[in-house]
Amino acid sequence: MKKYLFILRQAPYSSYQNLEAIETALALATFMQKVSLLFIENGVLQLLRDQNANLIRHKQFTQAYAGLNLFDIKDVFVSNTALNQFGLRKEDLNSNITIINNSQIATLMQQNDIVITI
Amino acid sequence: MKFVLIVRTNHLNNSYSALKFAQTALQLEHELECIYFLFDGAYCANQQIDMPSDEYSLAKDWSDLAASYNLTLGVCAASSTRRGIAPNNFAPGFAPASLGQLVASCDLADRVVCL
């Protein structure tokens, strides 16, 4: 078993790869792989509550982040730096997300075997 | 060393880095356990891509690489279906592959590179 880390750095609807990444992460979890997610840069916007992508004819996929623990994905992180850049607080985000700083991000990347950056 | 290469960039957008990585790794006698085309990488498999004659055609380069080293180029079925690239439209050397196959290859690999 390998440890997978997905790093999401794009705004939610700027690319379909964001939806595909979460779909892939969930699929890997069903293969009993250890999966973690890290949101940095514009990627933090994926975590905002109360989004409605249906208005722009895009599937609303970000609510999946609230139910990741059902798939045994418990390690979901967001960059402190990115949150500050957008003036966001923990209350603005979906629940169960851990805020980490840059040195913790470096440690996280070292702890995982496979890093997939979107 | 045993590598798995995940290509997630399309044929117009930087997947040359992935091709070059694969060619170099094989020339240096590393093993490529699997080359897997995920997300926009699935575009690389489309045999109907017809590049102008004075530009490079990566799909042909991938097929040539697969033929020279007897490799299978695995394409994520969900990714290719979304992009309108059915298996009968794949260039030579490309074949549909499941995420389960990718996981099995990653388990065997020393390094997984995603470009």
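Buried means under 20% relative accessible area. That cut-off applies to the close-ups below, all taken from a predicted model.

**View 1. A:Glu20 and B:Arg83 form a salt bridge between the chains.**
A:Glu20 has a relative accessibility of 1%, so this residue counts as buried. Its partner, B:Arg83, is buried as well, at 14%. The two side chains meet at 2.7 Å, N to O. A:Glu20 sits in helix H1 (residues 17-30) of chain A. B:Arg83 sits in the loop between H3 and strand S4 (94-97) of chain B. The pair therefore joins two chains.

**View 2. B:Arg82 and A:Glu23 make another salt bridge.**
Here too the N to O distance is 2.7 Å. B:Arg82 belongs to helix H3 of chain B and A:Glu23 to helix H1 of chain A, so this pair joins two chains. B:Arg82 is partly exposed, with 37% relative accessibility. A:Glu23 is partly exposed too, at 32%. Side chains of opposite charge can pair when their charged atoms come close.

**View 3. A network of salt bridges links five named residues: A:Glu20, A:Glu23, B:Asp40, B:Arg82 and B:Arg83.**
The network includes the pair A:Glu20 and B:Arg83. It also includes B:Arg82 and A:Glu23. Over all chains, the structure holds 11 salt bridges. Three of these cross the interface of chain B and chain A. Another salt bridge joins the side chains of A:Asp92 and A:Arg89, at 3.7 Å, N to O. A:Asp92 is partly exposed, with 21% relative accessibility.

**View 4. Chain B meets chain A across about 1,500 Å² of buried area.**
Carbon and sulfur atoms give 57% of that area. Chain B contributes 16 residues to the contact, and chain A contributes 19. Eight residue pairs are in polar contact between the chains, both residues at pLDDT 80 or more. On the side of chain B that touches chain A, the elements giving two or more residues are helix H3 (77-82), helix H4 (99-108) and strand S5 (111-114). H4(B) gives the most, with five residues. By class, this side of chain B has nine nonpolar, two polar and five charged residues.

**View 5. B:His11 is buried in a loop of chain B.**
The loop runs between strand S1 (2-7) and helix H1 (15-27). B:His11 has a relative accessible area of 19%. Which residues does B:His11 touch, not counting those up to four places away in sequence? They are B:Tyr43, B:Cys44, B:Ile49, B:Met51 and B:Leu58.

**View 6. Strands S1 and S2 of chain B run parallel.**
Six bridges join S1(B) to S2(B). B:Phe3 stands opposite B:Leu32 in S2(B). Five of the seven residues of S2(B) are buried, so this strand is largely enclosed by the rest of the structure.

**View 7. B:Ser53 lies in the loop between S2 and helix H2 (58-69) of chain B.**
At 81% relative accessibility, B:Ser53 counts as exposed. How far apart in space are B:Ser53 and B:Ile35? The C-alpha to C-alpha distance is 27 Å, and the two are 18 residues apart in sequence.

**View 8. A:Asn112 is buried in a loop of chain A.**
This loop lies between helix H3 (102-111) and strand S5 (114-117). A:Asn112 has a relative accessible area of 10%. A polar atom of the A:Asn112 side chain lies 2.9 Å from the backbone oxygen of A:Leu108. Beyond residues up to four places away in sequence, A:Asn112 touches A:Lys3, A:Tyr4, A:Leu5 and A:Ser36.

**View 9. A:Glu41 and B:Glu29 have positive phi values.**
Most residues other than glycine have a negative phi. Phi of A:Glu41 is near 45°. A:Glu41 lies in the loop between strand S2 (34-39) and strand S3 (75-79) of chain A. It is partly exposed, with a relative accessible area of 37%. For B:Glu29, phi is about 65°. B:Glu29 is in the loop between H1 and strand S2 (31-37) of chain B. Is B:Glu29 buried or exposed? B:Glu29 is exposed, with a relative accessible area of 72%.

Conventions. Residues numbered from 1 in each chain as written. Chains lettered and ligands numbered in written order. Predicted model: local features only at pLDDT ≥ 70, side-chain atom pairs only at ≥ 80, totals over all residues. Heavy atoms only, no water. Helix = DSSP H or I, 4+ residues; strand = E, 2+ residues; numbered from the N terminus. Buried < 20%, exposed > 50% of the residue type's maximum accessible area, 1.4 Å probe, protein only. Contact = heavy atoms within 4.5 Å. Buried area = accessible area lost by both parts, 1.4 Å probe. Salt bridge = Lys/Arg side-chain N within 4 Å of Asp/Glu carboxyl O. Polar contact = N/O pair within 3.5 Å; in protein donor to acceptor, adjacent residues only side chain to side chain. Nonpolar A, V, L, I, M, F, W, Y, C, P; charged D, E, K, R; others polar. Pairing = 2+ DSSP bridges.
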